[in-house]
Amino acid sequence: MAKPFPTDDPFLRGYYAPLHMEADAPNLPVSGELPAGLHGTLYRNGPNPQFAPRGRYHWFSGDGMLHAFRIDSGRVSYRNRWVRTPKWEMEHAHGEGLSGGLTNRHLTDPKLAELNSTIANTNVVWHGGRLLALEEAHAPFEVDPVTLAPLGYHQFGGKLAGPMTAHPKIDPVSGDMVFFGYNARGPLTPDLMLHVADRAGRLTRSLHLLAPYPSMVHDFVVTRRHIVMPIFPLTGSMDRATRGQPAYAWEPDKGSHIGILPRDGQASDVRWFTADASYVFHPMNAFDTDDGKVVCDMMKYPVAPLFPLPDGRLPTEQPPVARLVRWTFDLADRGTDTFVEQPLCDLPGEFPRLDERFAMLPYRHGWFNAAPVTEADKGREARAGLAHIDLSSGRVAEWQPPMGDYCGEPIFVERSADAAEGDGWLLSVIYRGAENRSDLAVFDAGDLAAGPVALAHLSHRVPAGFHGNWRGA
């Protein structure tokens, strides 16, 4: 018999609360007018635990649930499905949760631990003719792009032996997908593997790197000529994990280490830069300059959120917030291992995105959630809107929903293949706190402050999630 979920955990209430159903809605009610040229599917992924966990729940540990909004000829359809991973299938058959999750691994049933299953709850990408549900500790899990039915692990014809990041970078020019895996040669080890898959999804290159210490490496950045691997002191420790202490913990004394190597380089080509401790879950973009610099725009936290110190205490009394900064690395200066940081925006934010046609290139426009993403536990006392930054002028436009409403990650869709950068629409799923349900919102990306031009209305809630992407046509 399934046990009730804890009622005292803010990540199991309100916006974050699990949704206990799968649904199909072929024709959602729409307010406003959907843009005539908007044809395709918005896929969203996020944690939605099927059963109550063993021990304290961590937001990153819930089973993946995909939400697909299909827009075509002025109509919007919706479908959601759990990603039916081996873990999901085992617990579904058992009728009860068997996992201790990210912070209580010692409570996981030995049979489930032996299964070593993905939870596929972080991102969903389309590449090489496949729709892949991703998290960062396992191989990608393929699903049918229409039905969302499970197709199983995708290991690139058996060539991928370890995990894959939830944040691969797709080169808009070549179509190559550049990605990495940490803990690549065993749990909580400093080993990294870099990979490249070509436009058709064939794995063409793999490279082993050694980080300065084991770390949770959530994301990275790629330019036309370089790969940037950030190692922050959210450290992994097997010794802690076996003693029932935090497997991942904040150790600021280790500092931050940023490795840069050419995209066609070898492990011996990595150049390490150092800085005081900070943490970045998500960059906005990165690019090369003509004078030999690498520029990275990062949503930077002073302290890693949602994780404790090694002794289990929280590192700060209040949850830390991220702000957009620019890091500039001068590769021509061989006499330094430091870099320059420049603040770009004072707004707290997360989930930065851009016009993906300009990924890895100099760019002008970016969008992000204009609020700390973990404040939804405040319910009607907070809200989360969206912001647009023009990096040429520094101007920031913002749109905020009513109190108690929370926007998800903004996804940019270009008006046409040859449209100017930033000319298109912005899509975001908005939780309506007063009604406990969600809307799909469509904005004019260049006039965000004017509010949505169209809303597709769901009768239920899409739980707080992480990432998604658009597949045109």
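Rings of Phe, Tyr and Trp (the six-membered ring of Trp) are taken as a pair if their centres lie within 6.5 Å, and the pair is stacked when the planes are under 30 degrees apart, edge-to-face when they are over 60 and tilted for the rest. By this rule the count comes to 27 aromatic pairs. The structure is a predicted model, in which local features need pLDDT of at least 70 and side-chain atom pairs count only at pLDDT 80 or more, while totals for chains, interfaces and linings use all residues. Residues are numbered from 1 along each chain as its sequence is written, and side-chain values use heavy atoms, with hydrogens and water left out.

Start by selecting Tyr15 and Tyr406, a stacked pair with 5.5 Å centre to centre and 15 degrees between the planes. Tyr15 lies in the segment before β1 (23–25) and Tyr406 in strand β28 (residues 406–407), so the pair ties together parts that are 391 residues apart in sequence; strands here are DSSP runs of E with at least two residues, numbered from the N terminus. Both Tyr15 and Tyr406 are buried, that is, under 20% relative accessible area with a 1.4 Å probe and protein chains only.

Next select Trp367 and Phe412, which are stacked at 5.0 Å centre to centre with 15 degrees between the planes. Trp367 belongs to strand β25 (residues 365–370) and Phe412 to strand β29, 45 residues apart, and both Trp367 and Phe412 are buried.

Now turn to charges over rings, where NZ of Lys or CZ of Arg must be within 6 Å of the ring centre and within 35 degrees of the ring normal. The charged end of Arg471 sits over the ring of Trp126, 3.8 Å from its centre, and that of Lys254 sits over the ring of Tyr213, 5.8 Å from its centre.

Move on to strand β4 (residues 64–72), where seven of the nine residues are buried, so the strand is largely enclosed by the rest of the structure. Strands count as paired if DSSP finds at least two bridges between them. Strand β3 (residues 40–47) runs antiparallel to β4 and is joined to it by eight bridges; Leu42 has Phe69 in β4 as its bridge partner. On selecting strand β5 (residues 75–82), you will find eight bridges to β4, again antiparallel, with Trp82 in β5 as the bridge partner of Met65. β4 and β5 form a hairpin with two residues between them, and Ser73 in the turn has a positive phi of about 55 degrees.

Methods: Helix = DSSP H or I, 4+ residues; strand = E, 2+ residues; numbered from the N terminus. Buried < 20%, exposed > 50% of the residue type's maximum accessible area, 1.4 Å probe, protein only.
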